[in-house]
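Let's walk through this structure together, one neighbourhood at a time. Keep the 3D view open and follow along as each part comes up.

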Amino acid sequence: MGKFRLLRKHLFAIAIIGLFVAVTGCQSDKLTAVPFTDVTVGDEFWTPRMETNRKVTVPYDFKKCEETGRIDNFAKAGGLMEGKFEGIYFNDSDLYKVVEGAAYSLSVRTPQEKSHPDPELEKYVDGVIEKIAAAQWEDGYLYTFYSLPGRQPEKRWTDVRNKHELYCAGHFFEGAVAYYQATGKRKILDVAIRLADYIGSVFGPDKRHDVSGHEEIEIGLVKLYRVTGNEKYLKLAKFFLDERGQSERREIYGEYCQDHKPVVEQDAAVGHAVRAGYLYSGMADVAALTGDTGYVEALERIWWDVVSKKLYITGGVGARRGGESFGEDYELPNKTAYCETCAAIANAMWNHRMFLLGGEAKYIDVLERVIYNGFLSGISLSGDEFFYPNPLASDGKYQRSPWFGCACCPTNIVRFMPSLPGYAYAQQGDVLYVNLFIGGSATVKMADNTVRLEQETRYPWDGDVEITVEPKRSGEFTICVRIPGWARNEPVPSDLYRFLNESSEKVTLKVNGESVDLNIDKGFASISRRWEKGDIIELALPMPIRRVVSHPNVKDNTGRTAIQRGPVVYCLEGVDNPQGVAKLVLPPEAQLHTEYRGDLLGGIVTLKGQGEIPQKSVEVVAIPYYAWSHRGKSEMAVWLLRSAEGGN
Ligand SMILES: [Zn+2]
């Protein structure tokens, strides 16, 4: 059964590639991510988190969807039970995201090369899908808010700016494609196809000109295109993108929705940060498939705007609570930083897609900063408590919550976590990319060879990475190993942050014990040679403790430094520093040392040294930012005073 499914998938993939070449011409300059189903994770850092996601967060999120009426809304809309709509109008999207997370969890592979057969979970999701399918109207429409207490056809599409019908549809497409790919079961995919066809009968160049106030439909349609090969979904995605900002054709919705000007004319990240991240991801998806250079140029301008003026040191974006939005240039407050977990996820998704457009490691540098910091802080180690905003300073009143009325973040985490292995490797022709340092293995299908890579590392606590190369047959090809920006004295690919002192410790790279030149191109050390079975690459990334300073225009960080080691940003918490952290001074010359604590917070490297409070020297203990808020309410700060006089 498994083999047959795999064969069917391969044939399908070949058919899609054929069609794709016929439609667009071969865009051979684009990279392909190695799908997470071809990557196994056996990693000290990520395996426990992915297991917690599978065992705790997936069932927990489903239970919450039950308790809050999110699942019943579908049963009611499908006539399977009585009752009225419960909750917020876009709650359908949350259930779709948990279905997507469950699908990925069913597909994730362990080092034993097995996915997780979980008949109980699969049966449960099948039951959920029955309810979703029942709620679909005969013409394909699916949105429970306008289906209860009875169907209200006159209300459909009356408020696409705010009511999120298209946003929900986009999440449904993502969930449906994921579940179909995980199980081979078509039912959910067929519901998605009917919904997409219906949407395509309403919106289009010779039909209604409008866009969703909250982007997401574009990403979903591209996924539907990739799995079905039906070009009309790609065209519809491009239509929705190109309609944004077209004020002569339609009423536009302004900057909050990135609908202030046509996307190819946009040059700065504005408005709601999650919407923006999904828009840019959708543009990158369409650009990868169509070769649209206008999209790529706009995306590069917007990306530079973010990384040079609007990115937190944690990888978080969206400074403002008001409008959940990007702020002005260099507006990066710490205590009031919004940094929604969903915005971090959207930022990671976007940067991965930017990397795939041209193979530049600077995008993976940003992605890595997000996943080890501003994303990971969004979920507790126990897997059932969440942050919505992720501030960089706290007066001790803020902590994770078990759920939110607007539950976008818990349901985004549950799908993003198991998809992470899909960001680790990529391939293009006879070039293989190692992006992330995660223990486990990958099977990479190259142009004319198949290569298995086995990665061993204690990253992010240790910068030694050993990669065993196992080509199916010996042959010439290139392996590009990312040399992270932080290891090249460049915390971010801009002047927004810099390390206070250059590190003199050098990155080294060896093949079979012999040193090789780093030969860095686009942030990757590229090794071209004839690879034999059992060849070993050894990368050593020194991990000194670094002090980070901001661009002087970031007023909130004046007179302050942050601490980073490897890709991990640190913070001080009141529980470790009872003298308080807000007024604590950590001079740049203060020596810090590392201590691995296997018993603390799931196993972390802590940093210790001497700081100052008025007239007194005190011991300072720093922990990784992502791990804060696990030991009761406590003060917290990422940016610390450099001197008693400095700062604000
Ligand atoms: Zn959210």
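Phe355 is a good place to begin: with a relative accessible area of 0%, this residue is buried. Do keep in mind as you look around that the model is predicted. Phe524 is buried as well, at a relative accessible area of 1%. A search of the whole structure turns up 41 aromatic pairs. Phe355 and Phe524 form a tilted aromatic pair, with 6.0 Å from centre to centre and 45° between the planes. Because Phe355 belongs to helix α12 (residues 341–358) and Phe524 to strand β14 (residues 524–531), their pair ties together parts that lie 169 residues apart in sequence.

Now follow strand β14 to its partners. Strand β13 (residues 520–521) runs antiparallel to β14 and is joined to it by two bridges. Here Ile520 stands opposite Ala525 in β14. The two strands make a hairpin with two residues between them, and Lys522 in the turn has a positive phi of about 50°. Strand β9 (residues 475–482) is also antiparallel to β14, with eight bridges joining them. If you would like a landmark for that pairing, find Gly475, whose bridge partner in β14 is Trp531.

Next, turn to the metal site. Which residues coordinate the zinc ion? The donors are Glu340 (OE), Cys342 (SG), Cys408 (SG) and Cys409 (SG), at 2.1 to 2.3 Å. Their spacing in sequence reads E-x1-C-x65-C-C. The four donor atoms subtend angles of 95 to 118° around the zinc ion, so the arrangement is tetrahedral. Are these donors buried or exposed, taking Glu340 as an example? Glu340 counts as buried because its relative accessibility is 3%, and Cys342 counts as buried because its value is 1%.

Another acidic residue worth a visit is Glu368, which sits in helix α13 (residues 361–374). At 2% relative accessibility, Glu368 counts as buried. What do you find around its side chain? One polar contact, of 2.9 Å, joins the side chains of Glu368 and Arg482. Another, of 3.1 Å, joins the side chains of Glu368 and Trp486. Setting aside neighbours within four places in sequence, Glu368 is in contact with Leu436, Tyr459, Arg482, Pro484, Trp486 and Pro567. Trp486 leads on to a cluster of aromatic residues, in which ring pairs link Phe45, Trp46, Tyr372, Phe437, Tyr459, Trp461, Trp486 and Tyr626.

From there, look for the open sheet. Seven strands form it in the order β2-β6-β7-β8-β15-β11-β12, with antiparallel pairing. At the edges stand β2 (39–41) and β12 (514–515); each has a single partner strand, so one side of each is left without a neighbour in the sheet. The partner of β2 is strand β6 (residues 440–445), and the two pair in the antiparallel sense over three bridges. To locate this pairing, pick out Thr40, whose bridge partner in β6 is Ser441.

The last stop is another hairpin. Strand β19 (residues 592–597) and strand β20 (residues 604–613) are paired in the antiparallel sense over six bridges, and His593 has Lys608 in β20 as its bridge partner. Six residues lie between the two strands of this hairpin, and in the turn Leu601 has a positive phi of about 50°.

Definitions and conventions
Residues are numbered from 1 along each chain as its sequence is written. This is a predicted model: local features need pLDDT of at least 70, side-chain atom pairs count only at pLDDT 80 or more; totals for chains, interfaces and linings use all residues. Side-chain values use heavy atoms; hydrogens and water are left out. Donors are N, O and S atoms within 2.8 Å of the metal (3.2 Å for Na, K and Ca); water is not among the atoms, so sites may look incomplete. Four donors count as tetrahedral if all angles lie between 85 and 135 degrees; four count as square planar and six as octahedral if opposite donors are over 155 degrees apart and all others between 65 and 115; anything else is irregular. Buried means under 20% relative accessible area, exposed over 50%, partly exposed in between (1.4 Å probe, protein chains only). Helices (H or I, at least four residues) and strands (E, at least two) are DSSP runs, numbered from the N terminus. A polar contact is a pair of N or O atoms within 3.5 Å; within protein, one must be able to donate a hydrogen and the other to accept it, and residues adjacent in sequence count only if both atoms are side-chain atoms. Contact means heavy atoms within 4.5 Å. Two strands pair if DSSP finds at least two bridges between them. Rings of Phe, Tyr and Trp (its six-membered ring) pair if their centres lie within 6.5 Å; planes under 30 degrees apart count as stacked, over 60 as edge-to-face and the rest as tilted.
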